[in-house]
Amino acid sequence: MFTGIVEELGTVEQIDQGQESAVLRVRGPLVTSDAVHGASIAVNGVCLTVVEHGDEQFSVDVMAETLRRSSLAELAVGDRVNLERAMPADGRFGGHVVQGHVDGTARIVAREPGDRWEVVTFDLPADLARYVVEKGSITVDGISLTVSAVTPDTFSVSLIPTTLELTTLGRKQVGDPVNLEVDVIAKYVERLMAPATHRGASA
């Protein structure tokens, strides 16, 4: 489990592309400082398993399903990525519950700079819209953020200078893709409530 608090900006050093999968090699001095084989590291919000590590770099396997559901398929060598290690049991819960299981992708549709902050607006996939609410939590490229506004087909977040400086959202432009993970609690509530109607009908 993660919290959506990005620990460092890593750099994609190498991509070995297979027919339906890929191996990414990423430089991240902080997240590799205590890395072990099998450790979980979120890369742009995608939970991936370390298969090799050393020299401040780590490698991960990316399967076809992950490439299909996330923006990792669009990465290129030299791209910066948000990195976060899995939260330890005694760690500080700085963001919200983040699984690293991407629900879909979106693209930036607008950036509105303020004096020291910036409002970034994304398109909102129709199948995820019901989970996104104003003042609710959402994970964008692995960053725990608060939704500041919602329309039927977009949502916006307000970014403070720290987020702009220390994450990829300070660098991405209109049209760039991002990974989305909606609040897992909302999904569980929806799932638990769905059978209630069927139980009542069969009673």
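The lining of the largest cavity in this predicted model brings together 3 nonpolar, 4 polar and 2 charged residues. The nine names are easy to find in the sequence: Val6, Ala42, Asn44, Gly45, Asn82, Leu83, Glu84, Asp141 and Gly142. Strand β6, which covers residues 80–85, makes the greatest contribution to this lining, with 3 residues. The enclosed space is about 30 Å³, and a search for cavities of 30 Å³ or more gives a count of 1.

A pocket offers a second place to look. The largest pocket has a volume of about 260 Å³. Its lining is made up of Asn44, Ser71, Glu74, Leu75, Asp79, Arg80, Thr168, Arg171, Lys172, Asp176 and Pro177. Sorted by class, these lining residues comprise 6 charged, 3 polar and 2 nonpolar ones. Where does the largest pocket lie with respect to domain 1 and domain 2? Residues from both domain 1 (8–85) and domain 2 (104–190) contribute to the lining, so the pocket lies between the two domains. Asn44 is listed in the lining of the largest pocket and also in that of the largest cavity.

The database record adds another way to divide the chain. In an unreviewed UniProt entry, residues 1–96 and 97–193 are each listed as "repeat: Lumazine-binding". In the model, residues 1–96 are 43% strand and 6% helix, with the end C-alpha atoms 10 Å apart. For residues 97–193, the corresponding values are 41% strand and 16% helix, and the end C-alpha atoms are separated by 21 Å.

Key
Residues are numbered from 1 along each chain as its sequence is written. This is a predicted model: local features need pLDDT of at least 70, side-chain atom pairs count only at pLDDT 80 or more; totals for chains, interfaces and linings use all residues. Side-chain values use heavy atoms; hydrogens and water are left out. UniProt positions are given in the numbering used here, feature names are shortened, and annotations may be inferred rather than shown by experiment. Helices (H or I, at least four residues) and strands (E, at least two) are DSSP runs, numbered from the N terminus. On a 1 Å grid over the protein atoms alone, a cavity is a set of points where a 1.4 Å probe fits but cannot get out, and a pocket is an open set with protein on both sides within 12 Å along at least five of seven lines; lining residues have an atom within 4 Å of a point. Grid points are joined across faces, edges and corners, and a volume is the space filled by probe spheres set on the points. Ala, Val, Leu, Ile, Met, Phe, Trp, Tyr, Cys and Pro count as nonpolar, Asp, Glu, Lys and Arg as charged, and the others, Gly among them, as polar. Domain bounds come from an automatic or database domain assignment.
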